[in-house]
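Reader: I am a first-year student, and I would be grateful for a close look at the annotated binding sites of this protein. Please describe where their residues lie and what surrounds them.

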Amino acid sequence: MEPLTSKKKVLEQKPLTFAERMYLPAIAKGMAITISHFFKKEATIRYPEVEREFSTNFRGMHSLKRDEEGKERCTACGLCALSCPAEAITMIAAERKPEEKDLYREEKYASVYEINMLRCIFCGLCEEACPKEAIYLDGPIVPADYLRKDFIYGKDKLVEQPLNK
């Protein structure tokens, strides 16, 4: 097959010196880079022993807050579930019984409140949507686990402990 053009490009290579043929400059450069890394700041944080500093706007695990009297603030309005783009929040509303007056602020409360942490994207929209300031993303990092069902957090894990008087 004939070439399409008659243009040829001639490449001239100068011969390597003895040191270049032995690859000594390349080995010396590589060793210099490797040794320079010994004196640089470590990029890795040794996690269990050293805790990483978080930013002031870090969003951690969810927590359902209580008011000053120890009653749950959540009134099961459902705005947090509606605002969640990942649809990670589910709740079931119930009417407060007369004997539960000291547990809940309003007549309606969330009997079941669950957050699927595998679906949650920690966007903070649930926190912004809540009119009663009942949900905050102020907890620690969500701990690792092996089973999917252990990442569905109910009120037992989310509601903060009441203040002891």
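Author: The answer below begins with the two annotated sites and then turns to their surroundings. Please keep in mind that this is a predicted model.

The first group comes from UniProt, where an unreviewed entry gives the feature "binding site" at C74, C77, C80 and C130. These residues are spread over 57 residues of sequence, but they cluster in space, with a largest C-alpha distance of 10.2 Å.

Two members of this group may be examined in turn. C74 lies in the loop between β1 (63–64) and α3 (79–83), and C77 is found in the loop between β1 and α3 as well. Is C74 buried or exposed? With a relative accessible area of 13%, C74 is buried, because buried means under 20%. C77, by contrast, has a relative accessible area of 40% and is partly exposed.

Their contacts can be listed once neighbours within four places in sequence are left aside. C74 is then in contact with K108, Y109, A110, Y113 and A134. For C77, the contacts under that condition are K108 and P131. K108 therefore appears in the list for C74 and in the list for C77.

T75 belongs to this part of the description too, since T75 lies in the loop between β1 and α3. T75 counts as buried, at 12% relative accessibility. Not counting residues up to four places away in sequence, T75 touches E106, K108, Y109 and K132. K108 and Y109 are thus touched by T75 and are also in contact with C74.

The second group likewise carries the UniProt annotation "binding site", again from an unreviewed entry, and consists of C84, C120, C123 and C126. Although these residues span 43 residues in sequence, no two of their C-alpha atoms are more than 10.4 Å apart, so they gather at one spot.

Two residues of this second group can be placed in detail. C84 is in the loop between α3 and β2 (89–95), while C123 is found in the loop between β3 (108–116) and α4 (125–129). C84 counts as buried at 13% relative accessibility, whereas C123, at 23%, counts as partly exposed. What does C123 touch, not counting residues up to four places away in sequence? The residues are R59 and P85.

The loop that holds C74 also takes part in a salt bridge. D67 is paired with R105, and the closest N and O atoms of the two are 3.8 Å apart. Because D67 lies in the loop between β1 and α3 and R105 in the loop between β2 and β3, this pair ties together parts that are 38 residues apart in sequence. D67 is buried, with a relative accessible area of 11%, while R105 is partly exposed at 33%.

A further salt bridge joins E68 and R73, where the closest N and O atoms are 3.9 Å apart. Here E68 is exposed, with a relative accessible area of 64%, and R73 is buried, with a relative accessible area of 15%. The count of salt bridges comes to nine. Among the other residues that take part, K65, D138 and E160 are linked in a network of salt bridges. D150 and K149 also form a salt bridge, the closest N and O atoms being 3.6 Å apart. Of these two, D150 is partly exposed at a relative accessible area of 23%, and K149 counts as exposed at 60% relative accessibility.

The last topic is the nonpolar interior. In soluble globular proteins, nonpolar side chains tend to be buried together. The largest nonpolar core here has 23 residues, of which I89, Y113, I115, M117 and I135 touch the most other members. The largest share of this core comes from β3, which supplies three residues. Y113 offers a link back to the first site, as this core residue is among the contacts of C74. M117, another of the core residues named above, touches M61, H62, F122, V142, F151 and Y153, not counting residues up to four places away in sequence.

In summary, the first annotated group clusters in space with a largest C-alpha distance of 10.2 Å, and the second gathers at one spot with no two C-alpha atoms more than 10.4 Å apart.

Technical notes:
Residues are numbered from 1 along each chain as its sequence is written. This is a predicted model: local features need pLDDT of at least 70, side-chain atom pairs count only at pLDDT 80 or more; totals for chains, interfaces and linings use all residues. Side-chain values use heavy atoms; hydrogens and water are left out. UniProt positions are given in the numbering used here, feature names are shortened, and annotations may be inferred rather than shown by experiment. Helices (H or I, at least four residues) and strands (E, at least two) are DSSP runs, numbered from the N terminus. Buried means under 20% relative accessible area, exposed over 50%, partly exposed in between (1.4 Å probe, protein chains only). Contact means heavy atoms within 4.5 Å. A nonpolar core is a set of buried Ala, Val, Leu, Ile, Met, Phe, Trp, Tyr and Cys residues joined through side-chain atoms within 4.5 Å. A salt bridge is a side-chain nitrogen of Lys or Arg within 4 Å of a carboxyl oxygen of Asp or Glu.
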